[in-house]
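Here's a quick walk through one chain, with an eye on how its helices pack. Have a look at the model first.

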Amino acid sequence: MVEYRVEALAKGLRILSLFTEQRPTWRVSDIAPAVGMPLPTVYRVVMTLTAEGYLDHLPKGDYRPAVRVLTLGPRRCAVSISFPRLRRVCSNLRRPPAKP
């Protein structure tokens, strides 16, 4: 049987696998050594993942998994990724409205 490998896809998946509950955000400069890829390669892959909706670019320059990542795995994985965000949304809903 012939084995095929799409290297660009493998690189993107390696990058996505870095994001965990313990470390939910990463900078491009930290991703490169963590996955053993050159910085320009990581930059291009991260830009592609962001453009396709799999990563969010945060105001301070970090990246985090976007909602579209939830379409990649089982519901259990989706819950572990989304739970911290949902908790923040709920806590914001409990706050009294700001006074004008």
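What follows covers the overall layout, the core and one helix pair.

This is a predicted model, where local features need pLDDT of at least 70, side-chain atom pairs count only at pLDDT 80 or more, and totals for chains, interfaces and linings use all residues. Residues are numbered from 1 along each chain as its sequence is written, and side-chain values use heavy atoms, with hydrogens and water left out.

The chain has 4 helices and 2 strands, taken as DSSP runs (H or I, at least four residues; E, at least two) numbered from the N terminus. In sequence order they go α-α-α-β-β-α. Of the chain's 100 residues, 27% are buried, meaning under 20% relative accessible area with a 1.4 Å probe, protein chains only.

Now for the core. The largest nonpolar core (buried Ala, Val, Leu, Ile, Met, Phe, Trp, Tyr and Cys joined through side-chain atoms within 4.5 Å) holds 18 residues, and I15, I31, V42 and V46 touch the most other members. These elements each give two or more residues to it:

| Element | Residues |
|---|---|
| α1 | 7–16 |
| α2 | 28–35 |
| α3 | 39–51 |

Beyond its neighbours within four places in sequence, V46 is in contact with I15, V28, I31, L55 and Y63; contact here means heavy atoms within 4.5 Å.

And the helix pair? V28, S29, I31, A32 and V35 of α2 meet L39, V42, Y43 and V46 of α3. The axes, lines fitted to C-alpha atoms over the stretch in contact, come within 9 Å and cross at roughly 115°. The two helices are therefore roughly perpendicular, a label for angles of 65 to 115 degrees.

Terms used:
Buried means under 20% relative accessible area, exposed over 50%, partly exposed in between (1.4 Å probe, protein chains only). Axes are lines fitted to C-alpha atoms, for helices over the stretch in contact, and angles run from 0 to 180 degrees between N-to-C directions. Angles under 35 degrees count as roughly parallel, over 145 as roughly antiparallel, 65 to 115 as roughly perpendicular and the rest as oblique.
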